[in-house]
Amino acid sequence: MTEEQRVSEVKNFVAGGCGGITTTLVGHPFDTIKVRLQTQSAQNPLYKGTWDCLSQTVKKEGIFALYKGMGAPLVGVAPIFAISFMGFGIGKKIQQSSPDEALGPAQLAAAGFLSGFMTTVIMAPGERIKCLLQVQQAATGPPKYSGPADVVKSLYREGGLRSIFKGSAATAARDAPASAAYFASYELIQRWLQGPDRQKLTVGTTLFAGGMAGVFNWVVAIPMDVCKNRLQAGK
């Protein structure tokens with residue numbers, strides 16, 4: 001690996017970490033609502049829909065209830081996103097015959113798939129902790145866990161590392177194809193907006209490409225995300 005390539009990997013790592021922290025701070029309240037809706041009983045649901053879940057959560061538990069379980073992903077999100085971006089960079093490099101070669105949609109998706117798979121070792125236990133904290137509700141009695149560290153200790157005491165990493169396969173099955181969709185669509189949308197060299201990208205076009213890539217990511221991820229959250233929120 002050349003010095004320029006090493007610098008590029010470091011940039012991918014730092015950029016991914018900063019992006020991940022921002023994503024968590026902005027998106028966690030929405031994620032809490034999503035997880036509560038996905039894990040509620042189908043026979044006796046607590047919420048009628050998104051707005052009902054939001055209003056009940058804030059009314060009964062306060063606005064900070066939306067940020068339950070944020071500690072685990074906030075700690076893990078920097079290395080997760082950093083590994084994700086770095087993995088995508090590696091995935092592209094192993095398919096390129098030269099650094100300037102533009103990859104096709106299938107190749108970009110393959111690089112994204114590798115990226116999502118690489119993050120599972122950190123993502124899975126973080127998601128397990130997050131889900132258990134998010135589904136704790138004031139209406140159902142005193143909380144079982146006081147925070148992320150308490151979740152880890154309880155899970156390890158009850159089932160060892162296997163319990164902490166419960167849902168790892170489901171996490172990989174969600175994130176690998178979702179990352180393939182995200183990175184491929186992001187790169188292709190940017191090329192469509194500004195050409196393959198992307199020399200004239202603006203903040204607006206970058207935000208648009210990232211936003212649309214996020215949509216494609218979740219279109220692919222949601223079905224397996226429901227299964228993963230129900231699995232990880234259980235004992």
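**Notebook: Thr57, a surface patch and helix H5**

I began with Thr57, which lies in helix H2 (residues 50–61); helices here are DSSP runs of H or I with at least four residues, numbered from the N terminus. I noted that this is a predicted model, in which local features need pLDDT of at least 70 and side-chain atom pairs count only at pLDDT 80 or more, while totals for chains, interfaces and linings use all residues. Residues are numbered from 1 along each chain as its sequence is written, and side-chain values use heavy atoms, with hydrogens and water left out.

I looked up the accessibility of Thr57 and found 0% relative accessibility, so Thr57 counts as buried (under 20% relative accessible area, with exposed over 50% and partly exposed in between, using a 1.4 Å probe and protein chains only). Leaving aside neighbours within four places in sequence, Thr57 is in contact with Ile33, Arg36, Tyr47, Gly62, Ala65 and Leu66, contact meaning heavy atoms within 4.5 Å.

I then turned to Ile21, which is found in helix H1 and is partly exposed, with a relative accessible area of 34%. Ile21, Leu25, Val26 and Leu74 make a nonpolar surface patch of about 310 Å², where patch residues have over 30% relative accessible area and no salt bridge (a side-chain nitrogen of Lys or Arg within 4 Å of a carboxyl oxygen of Asp or Glu), and nonpolar side chains (Val, Leu, Ile, Met, Phe, Trp, Tyr) are joined within 5 Å, like charges within 9 Å. Helix H1 (residues 3–39) gives the most to this patch, with three residues.

Last, I checked helix H5 (residues 120–134), where 13 of the 15 residues are buried.

Key
Helices (H or I, at least four residues) and strands (E, at least two) are DSSP runs, numbered from the N terminus. The expected span of a helix is 1.5 Å times one less than its number of residues. Accessible areas come from the Shrake-Rupley method with a 1.4 Å probe; for residues, only the protein chains shown count as cover.
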